[in-house]
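Me: I would like the labels on this model justified one by one. Please set each value against its definition.

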Amino acid sequence: MSSVLTVRHVGIVDVDAGQNVTVVQPCNLYGCRLGEGVFVGPFVEIQKNVSIGARSKIQSHSFICEYVTIGDDCFIGHNVTFANDLFKEGAPNADAASWGRTLIGDHVSIGSGATVLAVEICSGTVIGAGSVVTKNITRKGIYAGNPARLLRELAP
């Protein structure tokens, strides 16, 4: 029985980048937008239809799937995973129209190892390391746990 090996190379393809953007390779970035002054650490994947706001920092080993928008001045810790296919039918769905959208406000910090599903997170929020965000966050505060819960509110 013969098999076919397909090799795809990691790279930076079709990226719309503002001024003073830093990308530490190896990375896999394609079809995304990086605002002015963005930093992307090594071993990061940012897929198409993603927008990262000005001065945001994406630390190593993070995965940002399609249809994620991250605001300005955000911090995404090491090994943060964004997921947009919620397996609603019990299996992966290849139809991008069925995938959720994620919207992260400005000045949001997401701790290392967190998982963020297709949700909205309001500006000024802090997500603790290892948290799993399964629902929209509409009140500025510190959230942690699985699922992420409000620990305390932050001043407006």
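Reply: Start with the pocket: on a 1 Å grid over the protein atoms alone, a pocket is an open set of points with protein on both sides within 12 Å along at least five of seven lines, and lining residues have an atom within 4 Å of a point. A volume is the space filled by probe spheres set on the points, which are joined across faces, edges and corners. By that reckoning the largest pocket has a volume of about 190 Å³. This is a predicted model, in which local features need pLDDT of at least 70 and side-chain atom pairs pLDDT 80 or more, while totals for chains, interfaces and linings use all residues. Residues are numbered from 1 along each chain as its sequence is written, and side-chain values use heavy atoms, without hydrogens and water.

Me: Which residues line the largest pocket?

Reply: The lining includes Val133, Lys135, Arg139, Tyr143 and Leu150. The lining residues divide into 6 nonpolar, 3 polar and 3 charged. In this scheme Ala, Val, Leu, Ile, Met, Phe, Trp, Tyr, Cys and Pro are nonpolar, Asp, Glu, Lys and Arg are charged, and the others, Gly among them, are polar.

Me: Why is Cys32 not bonded to Cys27?

Reply: A disulfide needs two cysteine sulfur atoms within 2.5 Å. The sulfur of Cys32 is 9.8 Å from that of Cys27, its closest, which is too far for a bond. Cys122 is also too far, at 11 Å from the closest cysteine sulfur, in Cys74. The structure holds 0 disulfides.

Me: What makes Cys32 buried rather than exposed?

Reply: Buried means under 20% relative accessible area, exposed over 50%, and partly exposed in between, with a 1.4 Å probe and protein chains only. Cys32 has 3%, so Cys32 is buried.

Me: What makes the contact between Asp73 and Arg55 a salt bridge?

Reply: The term requires a side-chain nitrogen of Lys or Arg within 4 Å of a carboxyl oxygen of Asp or Glu. In this pair the closest N and O atoms are 2.8 Å apart, so the contact qualifies. Asp73 lies in the loop between E11 and E12 and Arg55 in the loop between E8 and E9, so the pair ties together parts 18 residues apart in sequence. Strands here are DSSP runs of E, at least two residues, numbered from the N terminus. Asp73, at 29% relative accessibility, is partly exposed, and so is Arg55, at 41%.

Me: How many salt bridges does the structure hold?

Reply: The structure holds 2. Glu153 also forms one with Arg139, with the closest N and O atoms 2.6 Å apart.

Methods. On a 1 Å grid over the protein atoms alone, a cavity is a set of points where a 1.4 Å probe fits but cannot get out, and a pocket is an open set with protein on both sides within 12 Å along at least five of seven lines; lining residues have an atom within 4 Å of a point. Helices (H or I, at least four residues) and strands (E, at least two) are DSSP runs, numbered from the N terminus.
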